[in-house]
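User: I should like a close look at the helix packing in this model, with the residues that form each contact set out by class. Please add what can be said of the main pocket.

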Amino acid sequence: MSRRHIQPARRTRRAVLAVAGAAALAAVAVPALASSPSDDGKTVAAAAAASHSAPKPTVLLVHGAWADSSSWSPVIDRLQAQGYPVQAIANPLRGLASDAAYVKSRIESIGGPVVLVGHSYGGAVIGEAATEEPNVKALVYVAAFAPDKGESLGALVAKNPGSHATPDALNPVPFDMGNGVGGVDLSIKPDKYRDVFAASLSARKANSLAAVQRPISAAALEETATNAAWRGIPSWYLVTRQDHALPPTTQRFMAQRAHAHTTEVNAPHAVMLTRPDTVSGLIRQAATATR
């Protein structure tokens with residue numbers, strides 16, 4: 001056999017040995033790199049395992065005016081099916097500061113991370129309640145108010161045209177707490193409820209919701225916010241394009257101001273009833289991103 005045929009064969013064997021050697025070095029180097037300490041003293045592998053095994057946060061749902069905690073039921077079903085612990089609390093709807101104090105006490109009763117979700121007026125409440133609460137990892141606004149310090153809900157509703165929650169659609173009823181405290185409750189007139197709150201639901205379902213709606217104190221709508229937790233906590237916002245209670249233009253303004261991760265959907269104000277998959281999906285996004 002000539003040298004011309006021997007030399008290529010030798011070069012080929014050398015190349016194979018070189019590749020094998022590189023592979024062997026890589027096999028040693030990669031585990032060494034994976035087990036080397038990261039900047040915070042944890043290994044990359046341990047950090048990844050800890051993230052994967054971290055418990056799911058508790059989702060705390062806060063309803064707004066003209067609804068109650070049962071309005072979250074379709075969303076609760078979906079979240080629980082995904083293994084999330086969920087609490088839907090009864091928002092008192094008496095005043096922004098007092099309602100926020102109540103929600104704050106519920107946050108502090110949960111021994112772990114919380115994703116705080118507010119619908120409508122409930123958004124203003126979570127913005128107050130989550131301030132200086134380190135276990136609140138994310139805020140989710142569902143067609144909700146996200147006022148800044150010094151803003152009232154009444155001012156935000158009037159910011160842009162489009163709300164059908166006008167005085168002629170509301171029923172004011174004086175109330176007395178029996179302790180010298182009283183005020184005026186506002187509910188939506190039954191014949192206006194479907195248009196204002198739940199336009200895409202059947203008339204029968206809307207009439208049922210109108211009958212069980214929780215009224216809100218008129219004073220709560222004029223009380224100004226003293227905190228804006230969205231300035232320091234990551235936030236998500238669901239804009240409802242067919243909303244007749246809180247104009248979509250105003251929703252977009254608040255979402256943009258909060259630098260929220262924003263999703264839009266064709267739905268009325270009662271989006272948690274009409275599009276529960278969208279609502280629960282956004283909550284899961286917030287939970288996953290901040291886990």
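Analyst: The following account takes the packed helix pairs in turn and then the largest pocket.

The structure is a predicted model. Two packed helices are described by the angle between their axes and the distance between the axes. Both values are therefore given for each pair, followed by the crossing and the residues in contact.

The pair formed by helix 3 (residues 73–81) and helix 12 (residues 276–289) packs at an angle of about 50°, and the two axes lie 9 Å apart. Because angles of 65 to 115 degrees count as roughly perpendicular and those under 35 as roughly parallel, helix 3 and helix 12 are classed as oblique to each other. Their crossing is right-handed. On the side of helix 3, the contact involves Pro74, Val75, Arg78 and Leu79, which meet Pro276, Asp277, Val279, Ser280, Ile283 and Arg284 of helix 12. Sorted by class, these residues comprise six nonpolar, one polar and three charged.

Helix 4 (residues 96–108) and helix 5 (residues 121–129) form another pair, with axes that come within 8 Å and cross at roughly 65°. This crossing, too, is right-handed. Helix 4 contributes Leu96, Asp99, Ala100, Val103, Lys104 and Ile107 to the contact, while helix 5 contributes Tyr121, Ala124, Val125, Glu128 and Ala129. The contact of helix 4 with helix 5 has eight nonpolar and three charged residues, with no polar ones.

For helix 7 (residues 190–197) and helix 8 (residues 203–212), the axes come within 9 Å and cross at roughly 110°. Helix 7 is therefore roughly perpendicular to helix 8. Helix 7 passes helix 8 in a right-handed crossing. Pro190, Tyr193 and Arg194 of helix 7 meet Ala203, Ala206, Asn207, Leu209 and Ala210 of helix 8. By class, this contact holds six nonpolar residues, one polar and one charged.

The pocket remains to be described. The largest pocket has a volume of about 320 Å³. It is lined by 21 residues, of which Trp66, Val157, Ala165, Leu170 and Leu221 are the closest to its centre. Helix 6 (153–157) and helix 9 (218–222) each supply at least two residues of this lining. The lining of the largest pocket divides into 15 nonpolar, five polar and one charged residues.

Note on methods. Residues are numbered from 1 along each chain as its sequence is written. This is a predicted model: local features need pLDDT of at least 70, side-chain atom pairs count only at pLDDT 80 or more; totals for chains, interfaces and linings use all residues. Side-chain values use heavy atoms; hydrogens and water are left out. Axes are lines fitted to C-alpha atoms, for helices over the stretch in contact, and angles run from 0 to 180 degrees between N-to-C directions. Helices (H or I, at least four residues) and strands (E, at least two) are DSSP runs, numbered from the N terminus. Angles under 35 degrees count as roughly parallel, over 145 as roughly antiparallel, 65 to 115 as roughly perpendicular and the rest as oblique. A crossing is left-handed if the near helix is turned anticlockwise from the far one by less than a right angle, and right-handed if clockwise. Contact means heavy atoms within 4.5 Å. Ala, Val, Leu, Ile, Met, Phe, Trp, Tyr, Cys and Pro count as nonpolar, Asp, Glu, Lys and Arg as charged, and the others, Gly among them, as polar. On a 1 Å grid over the protein atoms alone, a cavity is a set of points where a 1.4 Å probe fits but cannot get out, and a pocket is an open set with protein on both sides within 12 Å along at least five of seven lines; lining residues have an atom within 4 Å of a point. Grid points are joined across faces, edges and corners, and a volume is the space filled by probe spheres set on the points.
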